[in-house]
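Student: I should like a close look at a single part of this model. Please take one site and follow its surroundings outward in a connected account.

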Amino acid sequence: MGSSILARAFVQAYRQALANASKNGVAQEAVQNIKRASKTMTEAEARQILGVTENSSWEEIVQKYDNLFERNAKNGSFYLQSKVHRAKECLEAVYQPKEAETNKTTSPDD
């Protein structure tokens, strides 16, 4: 009998907490934060941020990254600096597998 009273009180408290969260917008804010965090940068967006094309070499990308990152470190915004960094990370994921394949085909394992 005591456990059923406790269970009912728990369910009632949980419902009240959900109602309070809905009134305050906490639930919606948490969902928005999750959506924002799950968005990843596309390769096209990364190329646009760094100002490189699909034909650009990795060295060109690193050079553009260094230039933009340093400019924003001195007198720019942290937001722009982080966008530049995320763009480099995105393109790094694209270019690094290509480098690994190139190294495998040119290594003298014969």
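Tutor: In this predicted model, Ser 56 has a relative accessible area of 8% and is therefore buried, since the limit for that class is under 20%. Ser 56 is situated in the loop between α3 and α4. A polar atom of the Ser 56 side chain lies 3.0 Å from the backbone nitrogen of Thr 53. Leaving aside residues up to four places away in sequence, Ser 56 touches Ile 61 and Tyr 95.

Both of these partners recur in the surroundings of Arg 47, a residue of helix α3: with residues up to four places away in sequence again not counted, Arg 47 touches Ile 61 and Tyr 95, together with Val 52, Thr 53, Glu 54 and Leu 91. Thr 53, whose backbone nitrogen lies 3.0 Å from a polar atom of the Ser 56 side chain, is thus also among the residues touched by Arg 47. Arg 47 has a relative accessibility of 7% and so counts as buried. The side chain of Arg 47 is joined to that of Glu 43 by a polar contact of 2.8 Å.

Arg 47 and Ile 61 also belong to the packing of the two helices that flank the loop. Helix α3 covers residues 43–50 and helix α4 residues 58–75; their axes are 9 Å apart and meet at an angle of about 60°. That angle makes α3 oblique to α4, because the roughly perpendicular class runs from 65 to 115 degrees and the roughly parallel class lies under 35. From α3, the contact is made by Arg 47, Ile 49 and Leu 50, and from α4 by Ile 61, Lys 64, Tyr 65 and Leu 68. By character, the residues of this contact comprise five nonpolar and two charged, with no polar ones.

The wider setting is a protein chain with five helices and zero strands, in the order α-α-α-α-α along the sequence. Of its 110 residues, 15% are buried, a class that includes Ser 56 and Arg 47. Among contacts between residues at least 6 apart in sequence, 57% join residues at least 24 apart. The chain exposes about 8,800 Å², of which carbon and sulfur atoms supply 55%.

Notes: Residues numbered from 1 in each chain as written. Predicted model: local features only at pLDDT ≥ 70, side-chain atom pairs only at ≥ 80, totals over all residues. Heavy atoms only, no water. Axes fitted to C-alpha atoms, helices over the stretch in contact; angles between N-to-C directions. Helix = DSSP H or I, 4+ residues; strand = E, 2+ residues; numbered from the N terminus. Parallel < 35°, antiparallel > 145°, perpendicular 65-115°, else oblique. Contact = heavy atoms within 4.5 Å. Nonpolar A, V, L, I, M, F, W, Y, C, P; charged D, E, K, R; others polar. Buried < 20%, exposed > 50% of the residue type's maximum accessible area, 1.4 Å probe, protein only. Areas by Shrake-Rupley, 256 points an atom, 1.4 Å probe, with all protein chains shown as cover. Polar contact = N/O pair within 3.5 Å; in protein donor to acceptor, adjacent residues only side chain to side chain.
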